[in-house]
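Dear colleague,

I am passing the structure below on to you, together with some notes on what turned up in it. Please look through the sequence and the structure before reading on.

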Amino acid sequence: MHIQRISSIKNYRIFQDFKAVAAAQPWQPVTVVYGSNGSGKSTLSSLFAELASGAASGTGISVELFRRQNVVQSISETDAVWSNLRVFNQDYVRDNLDFEISIDGSGVSAKHLLTLGGDRIKIEKRVKQIKSRQAEITEKLTEHGDSLRVVTKKRDAIPTNLAQNISRELGHVDTRFNPRSYKAPKVREQIEKGKPMLTSAASVDSAHDEKQVKSRVLPPLVWTSGANENVSDLVTRINTLRATTIVSRVIDELSANKQAADWVQDGLTLHKPGQSCFFCTGEITVDRRAALESHFDESLLALQTEAKSLRSQFLTARSKVTDTIESVPKKTEFYAAFHEKYDEAVTLAKARKKAFLAGLALLEQAIDEKEAAPFSALDPISPPQQDEFVVAEVDAVVTSSDSQTATFGDTIVKAALGLEATRILQYFDDYASAVADVKAESTAISTLQGEATALKEEEETLSAADLDPLPKAKRLNRDLALLLGRNEISFQSVGEQYEIMRGDRPASGLSEGERNAISLLYFLCALERHEDQGKDLIVVIDDPVSSFDDNIMYGASAHLWSRLVESELCHQLIVFTHSYNLFRTWSNQLDRRFKREKTKKPHAIKELSASLQKSKDGTFRRQPQFLDWPEDGDLRTRLRSEYHYLFWTLGTTLTNASQATDPLAQSAAATIMPNAARRLLESFLAFKSPATMGNFEASVTAAMSGMDETLRLRMIKFLHRFSHNEQGDVDAHIRPEEALPILASVFSLISSRDKQHFDETCTSLELDGSLLLQLATVNEAPEEQEELLVDSTTGL
């Protein structure tokens, strides 16, 4: 099973709407792809890595997969076959090698440690994260614990203080508020009833209720007025009396002199007929006595008796009214709440007394008038204005006061309950806020504790993870020595890590090349350990010799060859490289080996090159294409170095562009070739002008001495500007009619410095040297000439 062709890629970075060249040869069990920086090889290796991890959703990749019995199957990004894909690239180096300096308990730098393996590194990183988070949680638990104690104290203080204040204020009212029993739980019980319940139970008038609970119980008022005097009947009797006329024989002298009549009438009882007067000693004759008795007969006596009876009733009424007013309880015997009504009632009663007594005096005067004229009928009198005396208002105040005395306990308890609800309600929001704070802190603590427990369990699970064993230090040291060609770096196992030594001292660090080498060795070990090792594995390796010098490169190449080509470790090996030396080494080895063994692991040699393509929306953009390496065996042999490859690539491209009628082909060459031209020129001048090596401008200036100055300046400016972009900038402002001659002038310079070298190289690589020199003629375009641009908006 192996990948035969990437048919298309819908959307992945530079691979937008990518389609394979129809005529390209299929990939083989061993496929080597050469591509310069920016050609898309690292992008493609990243895509393979995402396919292997199942994270390539949305790329729209379609691949032809060659299976046994010559079956070719088209698969997408969701196919299960990708689980057999293993990718080594810079992402793998980053994810599977962790180099750090350990810190001992004193905070001093200690051993230099290395961890290998993506899973193990992830576990160690996760364990470090767990420990860091556990430290944070411990700190936060302390903070929240302190906060919880503060808010709990605040919460508990509110009902405690309320209970103390309420019992102090209301303890005398009822046993409910006894300081010994009225504690915080009683207050919390009220709070738990809720704010609406407390609001409905609270005092409507707190000031009144406060006075109520401060009041003392007064004794009942033992007072019955009994006063309800009415003179309407007396007026009737007086008018009857005044209308009565005496019919006896009247003695004129007595009738006209009431005082004398009274004196005589009183004396009748002291004198009997025949006796003498005690006052004048005169004899009272029978006739005189008869005459007096006739004057004071029974009808007069009856009138006098009635008048006396009326006066007696007046006296009784006067006495009762006076006694009633005088017997009204004192103001201090009433509750303060009734004092105002008491004053009003007593004032009104006294006013009634005064008016009533005045009316009695008028009635007595009417009787006096009658007694003075008993033998004459007098006019009737009208009732006095105040004809009755009542103290109903005083009775009402007394009744209310006595009623309060009778219900005093219930009244002040009700007031006390209202005040209790009022006092608690004042702190309800504060208590609710404190309760919420306690709950928040408790929840935070519970959450942190739960997280701490989960982290501890996760840490234990990670520690117990059954991972593939680490490569043995002995084997790692052996393979690394073979790979690097030296044994100055060695490793000792320290638990699940390695202590790194450089010679006999702790290593201060690993170079990029050393890190790549170690990661590559670990990758190969991982292939051997994998349970699916063997023919079903597809292995992709991107730039395995990145950052290696030539000696390490050849060692790494040999190691990879022996582990992946000579063995049956994988069914397909795909190698991407930007190292032309590695590419030529492998292509030559593959050509020689499989030329002899045609039936074992056929191979494919390809180049990944950027080309300019017109997209569906009419814009132009750079797109990678897989090109077959030349089939001409002699030519492939002559392309033995990167210098020859660059010479051939630049020459072939310029030749094709000069013969093309499509401006797109010329623009593609103008935008993509500056890098190749500069690298070719730098390689040539490094041999011809070693004194200026590393200084491109100085090297070109020295090499072009005596040549056209305008050409020299144009070449330096052009190559400086457009060769620094590794990807070939299709948005750069380049005029192909000017760029192509400047690129071709590189050959003119090489020819001028070493004509024999130029001619022989062109002949060897099957290039038309005269055409290349002819193309080097620079057209002097006028300043106002419109530039032919290649960009992503307008195209050409």
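A good place to begin is the turn where Tyr12 stands opposite Phe15 in strand E2. Please keep in mind throughout that this is a predicted model. The two strands that meet here, E1 and E2, run antiparallel and are joined by 4 bridges, and another of the pairs between them sets Ile9 against its bridge partner Phe18 in E2. The hairpin of E1 and E2 has 2 residues between the strands, and in this hairpin Arg13 takes a positive phi near 50°.

Asp17, which is found in strand E2, also has a positive phi, near 55°, although Asp17 is a residue other than glycine. As general background, most residues other than glycine have a negative phi. With a relative accessibility of 32%, Asp17 counts as partly exposed.

The hairpin belongs to an open sheet of 4 strands, which follow the order E2-E1-E4-E5 with antiparallel pairing. Its edge strands are E2, residues 15–19, and E5, residues 71–76, each of which pairs on one side only. From one strand to the next, the twist averages 30°. Helix H1, which spans residues 41–53, packs on this sheet and touches E1 and E2, with a direction that makes about 100° with that of E1. Strand E1 is also joined to strand E4, residues 62–67, by 5 bridges, and these two strands run antiparallel; within this pairing, Leu65 in E4 is the bridge partner of Ile3. E1 is mostly covered, given that 8 of its 11 residues are buried.

Strand E1 comes up again in connection with the interior space of the model. The count comes to 1 cavity of 30 Å³ or more, and about 90 Å³ of space lies in the largest cavity. Which residues lie nearest the centre of the largest cavity? They are Arg5, Ala20, Ala24, Trp27 and Phe626, which belong to a lining of 13 residues. The elements that give two or more residues to this lining are strand E1, residues 2–12, and strand E17, residues 620–628. The largest share, 3 residues, comes from E1. By character, the lining of the largest cavity divides into 8 nonpolar, 3 polar and 2 charged residues.

Another element that you may wish to look at is strand E3. How many of the residues of strand E3 are buried? The count is 5 of the 5 residues, 30–34, so strand E3 is largely enclosed by the rest of the structure. Both of its faces are covered, with Val30, Val32 and Tyr34 buried on one side and Thr31 and Val33 buried on the other. In general, strands of a sheet pair through backbone hydrogen bonds, either parallel or antiparallel. E3 pairs in the parallel sense with strand E15, residues 572–577, over 5 bridges, and Val575 in E15 is the bridge partner of Val32. E3 also pairs in the parallel sense with strand E16, residues 603–614, again over 5 bridges, and here Val33 stands opposite Lys606.

Two further residues deserve a mention. Ser519 has its place in helix H17, residues 512–529, and with a relative accessible area of 1% it is buried, because that value falls under the 20% cut-off. Leaving aside residues up to four places away in sequence, Ser519 touches Phe88, Tyr92, Val93 and Leu97. Asp543 is placed in the loop between strand E14, residues 538–542, and helix H18, residues 550–565. Although Asp543 is not a glycine, it has a positive phi of about 50°, and with a relative accessible area of 10% Asp543 is buried.

Finally, some figures for the chain as a whole. The chain has 28 helices and 17 strands, and buried residues make up 45% of its 796 residues. Among the contacts in the chain with a separation of 6 or more, 75% are accounted for by residues 24 or more positions apart.

With best wishes

Note on methods:
Residues are numbered from 1 along each chain as its sequence is written. This is a predicted model: local features need pLDDT of at least 70, side-chain atom pairs count only at pLDDT 80 or more; totals for chains, interfaces and linings use all residues. Side-chain values use heavy atoms; hydrogens and water are left out. On a 1 Å grid over the protein atoms alone, a cavity is a set of points where a 1.4 Å probe fits but cannot get out, and a pocket is an open set with protein on both sides within 12 Å along at least five of seven lines; lining residues have an atom within 4 Å of a point. Grid points are joined across faces, edges and corners, and a volume is the space filled by probe spheres set on the points. Ala, Val, Leu, Ile, Met, Phe, Trp, Tyr, Cys and Pro count as nonpolar, Asp, Glu, Lys and Arg as charged, and the others, Gly among them, as polar. Buried means under 20% relative accessible area, exposed over 50%, partly exposed in between (1.4 Å probe, protein chains only). Two strands pair if DSSP finds at least two bridges between them. Axes are lines fitted to C-alpha atoms, for helices over the stretch in contact, and angles run from 0 to 180 degrees between N-to-C directions. Contact means heavy atoms within 4.5 Å.
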